[in-house]
Amino acid sequence: MKRFSVLLVALMLGVSVAQAEVVVVGNPAGPDSITLDQVRDIYLNRSKALPNGQRAVPYELAEGNATRETFHEAVTGRSGAQLKAFWSQQVFTGKGQPPQEIGTEAAMKSSVASTPGSIGYIDSAQVDDSVKVILKP
């Protein structure tokens, strides 16, 4: 009864009790951890290396994906429109290409698991032994 009351109060206040937690995952052969600044630099084309010196291969979920929005809000601090403008400028000036887009979190996990040096982000509920969590932003 007490749990029901807590849930009811939370719903009445508009608080999401089932908010997803996004984690940054890496290939099992990659580094055991990475800092928020390092992830930000990789996803904003400021760095192309992981903490262990390995070439970074970042993957991105498709635009409109809620996990992508949560990730960028926490890590890069940029909205979808800001990211689109940023990458348009990077491509136009020849400075870089955006990370390869992956359609689903399951495909993201599979790509990270099979590509050395890769990193991506998924909901923590999706994590299994095929990838390792290297940052909880």
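Asp41 is partly exposed, with a relative accessible area of 26%; partly exposed here lies between buried, under 20% relative accessible area, and exposed, over 50%, computed with a 1.4 Å probe on protein chains only. I begin with this residue and its partner, and I should state at once that we are looking at a predicted model, in which local features need pLDDT of at least 70, side-chain atom pairs count only at pLDDT 80 or more, and totals for chains, interfaces and linings use all residues. Residues are numbered from 1 along each chain as its sequence is written, and side-chain values use heavy atoms, with hydrogens and water left out.

The partner of Asp41 is Arg46: their side chains meet in a salt bridge, at 3.5 Å from N to O. The term requires a side-chain nitrogen of Lys or Arg within 4 Å of a carboxyl oxygen of Asp or Glu. Arg46 has a relative accessibility of 52% and therefore counts as exposed. As a general remark, side chains of opposite charge can pair when their charged atoms come close.

How many salt bridges does a search of the whole structure find? The search finds 5, and I shall discuss two others. One of them joins Arg40 to Asp37, with the closest N and O atoms 2.6 Å apart. Both residues belong to helix H2, residues 36-43, and because they are 3 residues apart there, about one helical turn separates them. Helices, as the term is used here, are DSSP runs of H or I with at least four residues, strands are runs of E with at least two, and both are numbered from the N terminus. Arg40 is partly exposed, at a relative accessible area of 21%, and Asp37 is also partly exposed, at 46%.

The other salt bridge is between Asp128 and Lys109, at 3.2 Å from N to O. Asp128 sits in the loop between E4 and strand E5 (132-135), while Lys109 sits in helix H5, residues 105-114, so the pair ties together parts that are 19 residues apart in sequence. Is each partner buried or exposed? Asp128 is partly exposed, with a relative accessible area of 34%, whereas Lys109 is buried, at 14%.

I turn now to the strands. Strand E1, residues 22-26, is largely enclosed by the rest of the structure, because 5 of its 5 residues are buried. Val22, Val24 and Gly26 point one way from E1, Val23 and Val25 point the other way, and all are buried. Which strands pair with E1? E1 pairs with E4 in the antiparallel sense over 5 bridges; pairing requires that DSSP finds at least two bridges between two strands. Within that pairing, Val23 stands opposite Ile122 in E4. E1 is also joined to E5, again antiparallel, by 3 bridges, and there the bridge partner of Gly26 is Lys132.

Strand E2, residues 57-61, is mostly covered, with 5 of its 5 residues buried. Val57, Tyr59 and Leu61 lie on one side and Pro58 and Glu60 on the other, and both faces are covered. E2 pairs with strand E4, residues 118-123, in the parallel sense over 2 bridges, and Val57 has Ser118 as its bridge partner in E4. Strand E3, residues 100-102, runs parallel to E2 and is joined to E2 by 3 bridges. In E3, Gln100 is the bridge partner of Tyr59.

To close, E4 pairs with E1 in the antiparallel sense and with E2 in the parallel sense.
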